[in-house]
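Colleague: Hi! Could you walk me through this one?

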Amino acid sequence: MAALQTINNSELFSIIEGMIKSASKQSGVTAVAVGGSLDSGLSASVRLGEVETIEFNRDKSISIMIYKNKRKGVVSITDLSATAIDSAIKAASRIADYTEEDPYSGLAEKEFLARNIPDLSLHHPAGITAEQAISYAKECEAAALGYDKRITNSEGATFSTHEQYYVYGNSDGFLAAYPTSKYAAYCTTIGQVGSSMQRDYDYTVARDVHDLDSMKQVGINAAKKTIDRLGAKKIKTCRAPVLMIPKIANTFWNTFISAISGGNLYRKSSFLLDTLGQTIFPNFVNIQEKPFLLKGLGSAPFDDEGVATSDKNIITAGVLDTYILSSYSARRLGMQTTGNAGGVHNLCISPGSDDFAQLTNKMGTGLIVTEFLGHGTNIVTGDFSHGAAGFWVENGAVVYPVEEITIAGNLRDMYRSIIALGSDVESRWSTLTGSVLLDELTIAGD
C-alpha cells in the first residue's frame with residue numbers, strides 16, 4: 001500500500017476495492033461495506049488587518065463495516081498502511097462476533113444501488129494559495145471596517161477551501177466515487193453607538209470559487225447588518241405575525257425534515273408520527289428533494305449506502321408524500337429506503353410570488369426574525385420556544401430593531417399558519433428557501 005502522505009484518489013479507490021475483497025474472505029462474513037475519503041484544504045483568518053491563523057489540512061479516513069448475518073462490526077482508521085488496514089479488517093470481524101443480532105441490519109438492497117454516476121459539476125479545483133486566501137480575507141474585512149464609522153471593531157474575516165474525494169463500496173458489487181470542492185468567506189463585525197453595541201456577520205459559500213459573492217460585498221453586508229441592529233430594544237409581550245428571513249427559514253424547514261426522518265420515526269420520538277398522506281402545510285406549500293442540481297451544495301449521485309439518489313416530492317400541495325429513510329430505518333418501519341442515508345440532498349421549497357418587501361408589507365405589523373438564539377425545539381412534542389432578535393414592523397415598514405425576545409408555539413400549528421412563501425430564495429445552503437411569513441405567534445418580551 002502507498003505511504004500515508006502519498007495516497008491519491010486512485011490509490012484510495014484501489015485500497016477500498018481491496019479491503020472489500022479481503023474482508024469478504026474472513027470466516028463467517030456475509031457482507032462488507034467500506035467508505036473512505038481524502039480531504040484537503042486551507043483556512044486563513046485575519047483580524048484588524050493582521051493575519052491571525054493559517055491552517056492547512058490533509059486528512060484521510062476509512063470506515064469498514066463487516067456483517068456476520070445480523071451481527072455487525074465497525075472500525076474506522078486514518079492510518080492507511082497495509083498493516084493498519086489488515087488490523088482493521090480483523091478487528092471489525094472480531095467485533096461482529098460479539099455484537100447483538102439486529103434483524104434490521106444489513107447492506108442496502110441491491111436493486112436500489114446506483115448504477116449510473118452522473119457528473120454533477122461538484123468539483124472545481126482552483127489551486128488557491130495561502131497568500132490568496134489571506135488577500136481575500138483582508139479585502140473582506142477592510143470593506144466591512146471602512147463601511148461606516150459606527151463599525152468599531154471586528155471579530156475577523158476568514159477565507160477557506162475544501163476538497164474531498166469520497167469512495168463507497170460493498171460486497172454486492174457496488175464501488176463508486178465522486179470528488180467535491182467548496183469555498184467560503186466569512187466576516188463578523190462589531191458596531192457601537194453610545195452604550196448600544198451589536199455584532200453581526202455575513203458569508204458566501206459555493207462549489208466553484210467563481211460563484212462566490214465578492215469579498216467586498218460580504219464585508220459590506222456584515223457591516224450593514226451590524227449597524228441595522230444598533231439601538232435594539234425589547235417589545236411588550238404580544239401575539240403578532242412573524243416573518244422569517246431565509247437564514248431562519250432554513251432552520252425551520254430542517255426541523256421538519258428531522259421530524260419525518262426514519263430514526264426519529266421508528267424510535268417514536270417525532271411529533272409527525274403516522275402522518276404520511278396527511279395535510280401538514282397549507283396547499284400552496286410544495287417541497288422537493290433535488291439531488292442532481294449542478295454545483296448544488298447538497299447534490300450527490302448516491303447516498304451513504306450507495307443507494308441511487310432521485311428527485312422526489314416530499315410535500316405536494318401541503319400533503320406529506322414520503323418519509324426520509326435509510327435502508328435500516330426503512331426496514332424498521334416496514335418500508336423501502338428513499339435514498340436518504342446521510343440526509344436530504346438539496347431540499348427545495350417552491351417559492352411564492354412575493355419578494356421580501358412585499359412580504360413585509362403583507363405582514364403589516366409584526367416581527368422580522370433575523371436570528372435564533374439557543375436550541376428550543378422539542379422534536380417529540382413539536383413545542384417550539386427560541387430566543388430571537390430581529391426588527392419590529394408597523395404598517396409594512398421597519399421601525400426599530402428588537403432583541404431579548406422569545407418566540408413560542410407548536411410546530412404543527414406553525415406549519416398550518418404559514419401565510420406566504422417568499423421569492424427571495426438563497427442558495428448558500430443545501431436547503432433552498434425564501435422567507436416564510438407565519439400568522440400570529442406568541443412573542444415574549446417585557
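**Two helices and the whole chain**

Modeller: Happy to: α3 and α4 are oblique to each other (neither under 35 degrees, over 145, nor 65 to 115). This is a predicted model, where local features need pLDDT of at least 70, side-chain atom pairs need 80 or more, and totals for chains, interfaces and linings use all residues. Residues are numbered from 1 along each chain, and side-chain values use heavy atoms, without hydrogens and water.

Colleague: At what angle do the axes of α3 and α4 cross?

Modeller: Roughly 40°, and the axes of α3 (residues 130-145) and α4 (residues 215-229) come within 7 Å. Axes are lines fitted to C-alpha atoms over the stretch in contact, with angles from 0 to 180 degrees between N-to-C directions.

Colleague: Which residues of α3 meet α4?

Modeller: Tyr-136, Glu-139, Cys-140, Ala-143 and Ala-144, and they meet α4 residues including Met-215, Val-218 and Ile-220. Contact means heavy atoms within 4.5 Å.

Colleague: New topic: how many helices and strands are in the chain?

Modeller: 9 helices and 17 strands, taken as DSSP runs (H or I, at least four residues; E, at least two).

Colleague: And what does pLDDT average over the chain?

Modeller: 96, with 99% of the residues scoring at least 70; pLDDT is the predictor's confidence in each residue, from 0 to 100. Over residues 1-5, pLDDT stays under 50.

Colleague: What box do the C-alpha atoms fill?

Modeller: Roughly 70 × 55 × 35 Å, along the principal axes.
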